[in-house]
Amino acid sequence: MRLRIWTILFLVTIAQFAWGQTSTNPKLVNAEATSSEPSVISYTVLGATSEQETLVRSQIRIMQPDVYPLRVLFVPHWKYVDTARTFRLHVPSGYTSAMFTHLPSRSVFIDSDRYVSDDSLGYWVAHELGHLAANSASESAADKAAREYRKRLKDARKPNVH
């Protein structure tokens, strides 16, 4: 049993170092990777259904945030709780959280089991993008920054009257 534990620990440690390795073969370098500035609006959506990914991408495109996330992750509830605990997310007593932003990695984590509706997704993603725009964990700063994003979403839903 002890040998198994040490073997697993060794493999996990080696895997962490292997992820950071890069190839020195110049033929494998992507032309986009050599550009001077990466695209400011490129981000990854992980763990979402195709409908959820399309929805969150269209909402973020409409909001046109000042700072884009690097990744948006839809995770099951158990993983969301574990990640929130890992990042030491502080939620006031009596409140729950359906999503949060990890500022250093510019990652937005969404609890896919508590995802309620398309409208609520846009409302709360605007709040999380507000955290990124304000570069602050402050809820009031995030809400202040999110007002404009929410207004853009609301205006986009209005039918065009000529």
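Contact here means heavy atoms within 4.5 Å. Helices (H or I, at least four residues) and strands (E, at least two) are DSSP runs, numbered from the N terminus. The model is a predicted one, so local features need pLDDT of at least 70 and side-chain atom pairs count only at pLDDT 80 or more, while totals for chains, interfaces and linings use all residues. Residues are numbered from 1 along each chain as its sequence is written, and side-chain values use heavy atoms, with hydrogens and water left out.

The chain comes to five helices and four strands, and from the N terminus on these run α-β-α-β-α-β-β-α-α. Of its 162 residues, 28% are buried, where buried means under 20% relative accessible area, exposed over 50% and partly exposed in between (1.4 Å probe, protein chains only). The accessible surface adds up to about 11,700 Å², with 57% of that belonging to carbon and sulfur atoms; areas come from the Shrake-Rupley method with a 1.4 Å probe, and for residues only the protein chains shown count as cover. Among contacts with a separation of 6 or more, 61% are between residues 24 or more positions apart.

Helix H4 is a good place to start on the packing. H4 has 17 residues and reaches 24 Å from its first C-alpha to its last, close to the 24 Å expected at 1.5 Å a residue (the expected span is 1.5 Å times one less than the number of residues). Its buried residues include Leu-121, Val-125, Ala-126, His-127 and Leu-129. The buried residues of H4 pack against H2, E2, strand E3 (99-102), E4 and H5. Right after H4 comes Asn-135, with a positive phi near 50°.

Helix H2 (residues 50-63) tells a similar story: its 14 residues should span 20 Å at 1.5 Å a residue, and its end C-alpha atoms are indeed 20 Å apart. Gln-52, Leu-55, Val-56, Ser-58, Gln-59, Ile-60 and Met-63 are the buried residues of H2. They pack against strand E1 (44-46), strand E2 (71-75), helix H4 (118-134) and helix H5 (139-157). H2 is followed by Gln-64, again with a positive phi, this one near 45°.

Next, the nonpolar cores, each a set of buried Ala, Val, Leu, Ile, Met, Phe, Trp, Tyr and Cys residues joined through side-chain atoms within 4.5 Å. The largest has 20 residues, and those with the most contacts inside it are Val-56, Ile-60, Met-63, Val-72, Ile-110, Leu-121 and Val-125. H2, E2, strand E4 (107-111), H4 and H5 each supply at least two residues of this core, with the largest share, five residues, coming from H4. Leaving out residues up to four places away in sequence, Ile-110 touches Val-72, Leu-73, Phe-74, Val-75, Tyr-80, Ala-98, Met-99, Leu-121 and Val-125. A second, separate core of six residues includes Val-75, Tyr-80, Phe-100 and Phe-109.

As for the rings, a search of the whole structure finds six aromatic pairs. Rings of Phe, Tyr and Trp (its six-membered ring) pair if their centres lie within 6.5 Å; planes under 30 degrees apart count as stacked, over 60 as edge-to-face and the rest as tilted. Tyr-43 and Tyr-68 make a stacked pair, 6.3 Å centre to centre with 20° between the planes. Tyr-43 lies in the loop between helix H1 (2-19) and E1, and Tyr-68 in the loop between H2 and E2, so the pair ties together parts that are 25 residues apart in sequence. Both tyrosines, Tyr-43 and Tyr-68, are buried. Phe-100 and Phe-109 are stacked too, at 5.0 Å centre to centre and 15° between the planes, and both are buried. Ring pairs link Tyr-80, Phe-87, Phe-100 and Phe-109 into a cluster. Thr-83, in helix H3 (residues 77-86), is in contact with Phe-100 and Phe-109, its neighbours within four places in sequence aside, and counts as buried at 9% relative accessibility.

Two arginines sit over tyrosine rings, a charge being over a ring if NZ of Lys or CZ of Arg is within 6 Å of the ring centre and within 35 degrees of the ring normal. Arg-57 lies over the face of Tyr-43, 4.8 Å from the ring centre, while the charged end of Arg-150 is 3.6 Å from the ring centre of Tyr-123.

Finally, Tyr-149 is found in helix H5 and is buried, with a relative accessible area of 2%. Beyond four places in sequence, Tyr-149 touches residues including Met-63, Gln-64, Pro-65, Ala-126 and Leu-129.
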